Amino acid sequence: MEENIIPHNFSITQQQRSDLKNHKPLLVWFTGLSGSGKSTIANALEKALFEKEIHTYLLDGDNLRKGLNNNLSFSPEDRTENIRRIAEVANLMIDAGLVVIASFVSPYREDRENAKRIVGYDNFVEVFVNTPIEECERRDVKGLYAKARAGEIENFTGVNAPYEAPMAPDVEVDTTVVSVDEAVVLVMNEIKKRINN
Ligand code: ADP
């Protein structure tokens with residue numbers, strides 16, 4: 001079927017949409033263990049960008065797994081599909097001109113590489129929230145580590161499923177060393193280089 005899909009040439013280009021917003025689009029991808037601090041930093045980052053009149057949207061497990069991806073489990077195949085769909089959604093939002101912030105455990109290196117391929121390497125900033133598992137587990141924000149240790153959750157990253165750390169992230173933060181505000185500054189510095197604002 002795919003050979004019969006011929007894209008229409010629409011009048012308004014991505015460049016024009018960006019020009020209207022006065023900044024380039026970007027995908028800022030947070031990866032790390034559950035409880036590492038991805039959503040907390042992502043949320044503070046979106047507030048900081050919003051104050052600078054940058055057009056943003058935040059994608060995370062709640063708004064994706066409850067809707068578009070509600071038919072996916074945490075098996076390796078479904079995790080791959082989860083990340084692929086998120087990257088495709090982010091790609092549309094990049095086309096719309098937004099700075100998209102994605103906050104997902106995304107434990108597989110190959111899946112994150114695939115996300116980079118989908119949106120284009122220049123449009124991708126990888127943020128590794130590298131908080132030690134002992135601290136994530138101590139926080140146990142959602143009580144999931146306790147459940148996983150009790151054998152009540154299959155495929156829980158860090159307990160009974162692997163996490164493949166990024167080899168060369170654009171930004172790396174350990175939240176036992178860096179505060180939320182400091183992490184936002186580090187990510188913001190990387191964003192500023194990319195969006196010409
Ligand atoms: P994730 O999205 O990675 O699962 P969350 O952001 O939901 O993690 O939870 C991280 C927890 O750690 C929050 O309760 C947050 O308040 C706490 N925390 C403590 N210090 C930091 C820090 N420096 N950066 C981010 N989160 C922190």
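Which strands and which helix do the buried residues of helix 8 pack against? In this predicted model, the partners are strand 1 (26-31), strand 3 (99-103), strand 4 (124-129) and strand 5 (171-173), together with helix 2 (38-51).

Helix 8 itself runs over residues 180-195. Its 16 residues reach 22 Å from the first C-alpha to the last, close to the 22 Å expected at 1.5 Å a residue. The residues of helix 8 that are buried are Ala-183, Val-184, Val-187, Met-188, Glu-190, Ile-191, Arg-194 and Ile-195. They lie on the same side of helix 8 because the arc they cover around the axis is only 165°. A helix rule helps in picturing this pattern: with 3.6 residues a turn in an α-helix, residues three or four places apart point the same way. On the face turned away from the buried side, helix 8 carries the exposed residues Asp-181 and Lys-193. Just after helix 8 comes Asn-196, which takes a positive phi of about 55°.

A second piece of packing involves helix 4 (residues 76-96) and helix 5 (residues 109-119). Their axes are 9 Å apart and the helices pack at an angle of about 25°. Helix 4 is therefore roughly parallel to helix 5, angles under 35 degrees being counted in this way. The crossing of these two helices, helix 4 and helix 5, is right-handed. On the helix 4 side, the residues that meet helix 5 are Arg-79, Thr-80, Ile-83, Arg-84, Ala-87, Glu-88, Asn-91 and Ile-94. Helix 5 meets them with Asp-111, Asn-114, Ala-115, Ile-118 and Val-119.

Notes: Residues numbered from 1 in each chain as written. Predicted model: local features only at pLDDT ≥ 70, side-chain atom pairs only at ≥ 80, totals over all residues. Heavy atoms only, no water. Helix = DSSP H or I, 4+ residues; strand = E, 2+ residues; numbered from the N terminus. Expected span 1.5 Å × (residues − 1). Buried < 20%, exposed > 50% of the residue type's maximum accessible area, 1.4 Å probe, protein only. Arc of directions from axis to C-beta. Contact = heavy atoms within 4.5 Å. Axes fitted to C-alpha atoms, helices over the stretch in contact; angles between N-to-C directions. Parallel < 35°, antiparallel > 145°, perpendicular 65-115°, else oblique. Left-handed = near helix turned anticlockwise from the far one by under 90°.
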